[in-house]
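Please look through the sequence and the model shown here before reading on. The paragraphs below then lead from the whole chain to single helices and residues.

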Amino acid sequence: MENLQENDIDNEIITKKQTLWTSQFIYLSIANFFFFLSFEMLLPTLPVYISQCGGSDSIVGIIMGMFTISAIIIRPFSDTAMPGFSRKKSLMLGSWICVVTTIGYYLSKTVGIILVDRILHGFGFGLVTTLLVTIVTNSIPNERMGEGIGYFGLGSTIAMSLGSFLGIWVLNSFKVKGLFTFAAILVVIAIIFMCLISKDEGPKLNRKEKKKVKLDMSSFFEPKALVPSILIMLLGFSYGGILGFIALFGRQVGISNVGWFFMGVAICEIIVRLFVGKIFDTKGPAWVLIPGAVFALIGTIILAKISNNTNMMISSLFYGIGFGALFPSLQALTINIVPEDKRNLASATFYNAFDLGIGGGTIILGLVVQLTSYSDMFLYSSLLFVVYLIIYVSYLIKNRGYR
């Protein structure tokens, strides 16, 4: 009888450990959605505002790019930036920075002030995106990490499909004041759900300990996250080329609204994320990371040859499936291969690699366009996934114990 009771207790403990849909996970997922919805609203609209304030095309590029740089700088310090702060408090701090700076865009009437505001916004964004992932992964059972990260990432995926359309509609209907006010309110809604999560202490440093923090490579980079970070950088490189040049390519071939490409990508991402995490957890990363790269490769090749909306949507189907499989799975792989106390730094390494890929893709593939054409550029960028497959297969051979 006692053995039966002990078994019941053990089963109950195992069930609790394997529970994914806890209140903590749900609150963080909702917060992630509203936070990224605000962010995505500003991507297509802020350049318009900067231009209205007198910024040239080159100035627009610099201001938008500085956001990524400041986010990259702050991420390695997201656990130690504020002595005595828990992760939850640091998360709230970063979110309020985003609220203030979003409103600050409207109050900024010169490009110089907008640049400063954009840099500060990047600091807040870097803190929030890194800490959200770190805190949520601590609430996901290791056995369901791929599935959990996939569901959590749905928030940013849905925001990507809705944000651009919503931002343009708000700007056209309520002008810039309404745009920045609404974007700030969305972050406040995210903060409300952040307030509901339990406290995540993380490593807290006092002022004396903070002075001892060394600014070496170990502060910015987690070596064990090297391979998935290289892979996500290659994906970011490809995606950066699409973000930067698909509109111009579409105009060249007579496609007026390439926004449907991103809508198609987002829809496919949402569908794929519903089941790809379970495959990751039960079959292993290779069952997702190899097919995902193949789908993205095919999607990019088709994109290079588009001539009408039908071809473009077929391209978005393949690329969306690939992107939807690769991003959350590489993120889950990053978390799984590092110790728990290194998850924050690993997440920072992961996101920085993706951001560097996007920025580098836009710049370098832009040079390729000047030397060739949009079609050739996309065709050449498909080779990134060949490099991806070579690196990952080599990684699998070297680490045979990890599927």
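What follows is a walk through this predicted model, from its overall make-up to some of its details.

Residues are numbered from 1 along each chain as its sequence is written, and side-chain values use heavy atoms, with hydrogens and water left out. Because the model is predicted, local features need pLDDT of at least 70 and side-chain atom pairs count only at pLDDT 80 or more, whereas totals for chains, interfaces and linings use all residues.

The protein chain holds 16 helices and zero strands, where helices are DSSP runs of H or I with at least four residues and strands are runs of E with at least two, numbered from the N terminus. Of its 403 residues, 52% count as buried, a term that stands for under 20% relative accessible area, while exposed stands for over 50% and partly exposed for what lies in between, with a 1.4 Å probe and protein chains only. The accessible surface of the chain comes to about 18300 Å², and 68% of that surface belongs to carbon and sulfur atoms; such areas come from the Shrake-Rupley method with a 1.4 Å probe, and for residues only the protein chains shown count as cover. Among contacts in the chain with a separation of 6 or more, 85% are made by residues 24 or more positions apart, a contact being heavy atoms within 4.5 Å.

The interior can be approached through its largest nonpolar core, which has 107 residues, and in which Phe261, Tyr319 and Tyr388 have the most contacts. Here a nonpolar core is a set of buried Ala, Val, Leu, Ile, Met, Phe, Trp, Tyr and Cys residues joined through side-chain atoms within 4.5 Å. With 19 residues, helix α7 (residues 145–195) gives the most to this core. Leaving aside residues up to four places away in sequence, Phe261 touches Ile242, Ile246, Leu303, Met312, Met313, Ser315, Ser316 and Tyr319.

Tyr319 also appears around Phe385, a residue of helix α16 (residues 383–398). Phe385 has a relative accessible area of 1% and is therefore buried. Apart from residues up to four places away in sequence, Phe385 touches Leu235, Ser238, Ala293, Ala296, Leu297, Thr300, Tyr319 and Leu326. Leu235 stands 150 residues from Phe385 along the chain, yet their C-alpha atoms are separated by 7.6 Å.

The helices themselves can be described by how they cross, using axes that are lines fitted to C-alpha atoms, for helices over the stretch in contact, and angles that run from 0 to 180 degrees between N-to-C directions. Helix α6 (residues 111–137) and helix α14 (residues 343–371) have axes that come within 9 Å and cross at roughly 135°. The two are therefore oblique to each other, since angles under 35 degrees count as roughly parallel, over 145 as roughly antiparallel, 65 to 115 as roughly perpendicular and the rest as oblique. This contact is made by residues including Thr130, Val133 and Thr137 of α6 and Arg343, Ser347 and Tyr351 of α14. Helix α13 (residues 309–336) also packs with α14, at an angle of about 150° and with the axes 9 Å apart; among the residues that make the contact are Phe323, Phe327 and Leu330 of α13 and Arg343, Phe350 and Phe354 of α14. The axes of helix α11 (residues 259–283) and α13 come within 7 Å and cross at roughly 40°, which makes α11 oblique to α13.

Helix α6 also holds Gly124, which counts as buried because its relative accessibility is 0%. Gly124 touches Gly94, Ile97 and Cys98 when residues up to four places away in sequence are not counted.

Two neighbours in helix α2 (residues 23–42) offer a contrast. Gln24 is buried, with a relative accessible area of 13%, whereas Ser23, at 46% relative accessibility, counts as partly exposed. Outside residues up to four places away in sequence, Gln24 touches Ile135, Ser139, Ile197 and Ser198, and the C-alpha atoms of Ser23 and Ser139, 116 residues apart along the chain, are separated by 9.6 Å.

A last stop is Lys175 in helix α7, which counts as exposed at 55% relative accessibility. Although Lys175 is not a glycine, it has a positive phi of about 65°.
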